[in-house]
There are 2 protein chains.
Amino acid sequence: MKPRSPQANGQHLTEQLGATGLRLTPQRQQVYDVLVQKRDHPTAEEVFIRAKKAMPEISHATVYNCLDALVKSGLARQVNVERGATRFCPNMIEHGHFHCSACGTIYDVDLPHELPCVAVPQGFKPQGYDLTIHGICLDCAKKK
Amino acid sequence: MKPRSPQANGQHLTEQLGATGLRLTPQRQQVYDVLVQKRDHPTAEEVFIRAKKAMPEISHATVYNCLDALVKSGLARQVNVERGATRFCPNMIEHGHFHCSACGTIYDVDLPHELPCVAVPQGFKPQGYDLTIHGICLDCAKKK
DNA sequence: CAAACAATTTAGAATTATTCTAAATCTTGA
DNA sequence: TCAAGATTTAGAATAATTCTAAATTGTTTG
């Protein structure tokens, strides 16, 4: 059991969504469950395919809608590391990403305790940041 | 005259491309010029439109090819801050990006002198990183 | 409870972003 | 000059995302 996992229970989802003026629906619960069950940074298309197994009637547009709802409510993050489909991540604990340029896998990585306090220009209001490290992962480094 | 701008002269481009086994062609020069002339992080589509003004016969596929060639040769960076088209940046001096979530503008920002030395897992080979700060830019903060 | 209203979902069309294909063109070296 | 390889081109194909209008669901109010 992963102690760091946010609870996938309705309580938490309802609260977070509600604070953004959104409702918890069976589809949103399902999409969230998909994200939590396999944390491999799936694309919207992959989430769609997985969600359909438990909920065959779910549509493409709904998956996008649900993912957007989760992101807006602070229940998931969008991850953009390269050209192509955006990926999604339900880990809301502060972390960065390692993107393997050989196999494309994305790994969560801890951020340094000393957060990089980047000086943004005067008057700019920073609200969050994304750090992505590009390189070769262990598996690919071995294979070479 | 921007002292920080890399020279857009053929010499430099030829060397950098050559080191990657690629040639400097008029199209690649043109695409590079477009990036340097207006550093507003254009999408491939925007680069295409701008390049066509000086080189009307240039094609879509060529712009993608040229951008990829420049990125591979270390003459430009890809910038992925959100869903949608990838953007391009010819500033190869180490820097991060500020993405205004209100107007979508992307600003280059200096990185802290103390680089965040993130601990990647054992055996992983980091090769570079991207830092994006999301928030509200000065102009949008004023308008509100 | 029933009507009215708002939010959400759905299928599928539409749009946008990117890649692919095959033929034509250009460059380079024998 | 010729062959081989790299590059460009137009346009088709594919992938990713958004939009639309109708149906459904949930909520609120009379």
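**Contacts to DNA strand C and salt bridges in the protein chains**

In this predicted model, a polar side-chain atom of A:Arg83 is placed 2.6 Å from a phosphate oxygen of DNA strand C. The surface near this strand draws two or more residues from each of three elements: α2 (26–37) and α4 (60–72) of chain A, and α4 (60–72) of chain B. A second arginine of chain A also reaches the backbone of the strand, since an N or O atom in the side chain of A:Arg28 is 2.8 Å from a phosphate oxygen of DNA strand C. A:Gln27 makes its approach to another kind of atom: one of its polar side-chain atoms lies 3.1 Å from a sugar or linking oxygen of DNA strand C.

The wider surroundings of the strand comprise 18 residues, of which A:Thr25, A:Arg28, A:Thr62, A:Arg83 and B:Tyr64 come nearest. On the side of the nucleic acid, sugar and phosphate supply 80% of the atoms of DNA strand C that come within 4 Å of the protein. By residue class, the surface near the strand consists of 6 nonpolar, 7 polar and 5 charged residues.

Attention now turns to the salt bridges, which number 10 over all chains. In one of them, the side chains of A:Asp130 and A:Arg77 meet with an N to O distance of 2.8 Å. This pair links distant parts of the chain, for A:Asp130 belongs to strand β5 (residues 125–136) and A:Arg77 to strand β1 (residues 77–79) of chain A, 53 residues apart. How accessible are the two partners, A:Asp130 and A:Arg77? A:Asp130 has a relative accessible area of 21% and is therefore partly exposed, whereas A:Arg77, with 14%, is buried; the boundary for burial is 20%.

Chain B contains a salt bridge between B:Arg77 and B:Asp130, again with 2.8 Å from N to O. Here B:Arg77 lies in strand β1 (residues 77–79) and B:Asp130 in strand β5 (residues 125–136) of chain B, so that distant parts of the chain, 53 residues apart, are linked. B:Arg77 is buried at 14% relative accessible area, while B:Asp130 is partly exposed at 22%.

A further set of salt bridges, which share partners, joins A:Lys38, A:Asp40 and A:Arg50 into one network. In chain B, the side chains of B:Asp40 and B:Arg50 meet in a salt bridge of 2.8 Å, N to O. Because B:Asp40 lies in the loop between α2 (26–37) and α3 (44–54) of chain B and B:Arg50 in helix α3, the pair ties together parts that are 10 residues apart in sequence. B:Asp40 is partly exposed, with 30% relative accessibility.

Notes
Residues numbered from 1 in each chain as written. Chains lettered and ligands numbered in written order. Predicted model: local features only at pLDDT ≥ 70, side-chain atom pairs only at ≥ 80, totals over all residues. Heavy atoms only, no water. Near = heavy atom within 4 Å. Polar contact = N/O pair within 3.5 Å; in protein donor to acceptor, adjacent residues only side chain to side chain. Helix = DSSP H or I, 4+ residues; strand = E, 2+ residues; numbered from the N terminus. Nonpolar A, V, L, I, M, F, W, Y, C, P; charged D, E, K, R; others polar. Salt bridge = Lys/Arg side-chain N within 4 Å of Asp/Glu carboxyl O. Buried < 20%, exposed > 50% of the residue type's maximum accessible area, 1.4 Å probe, protein only.
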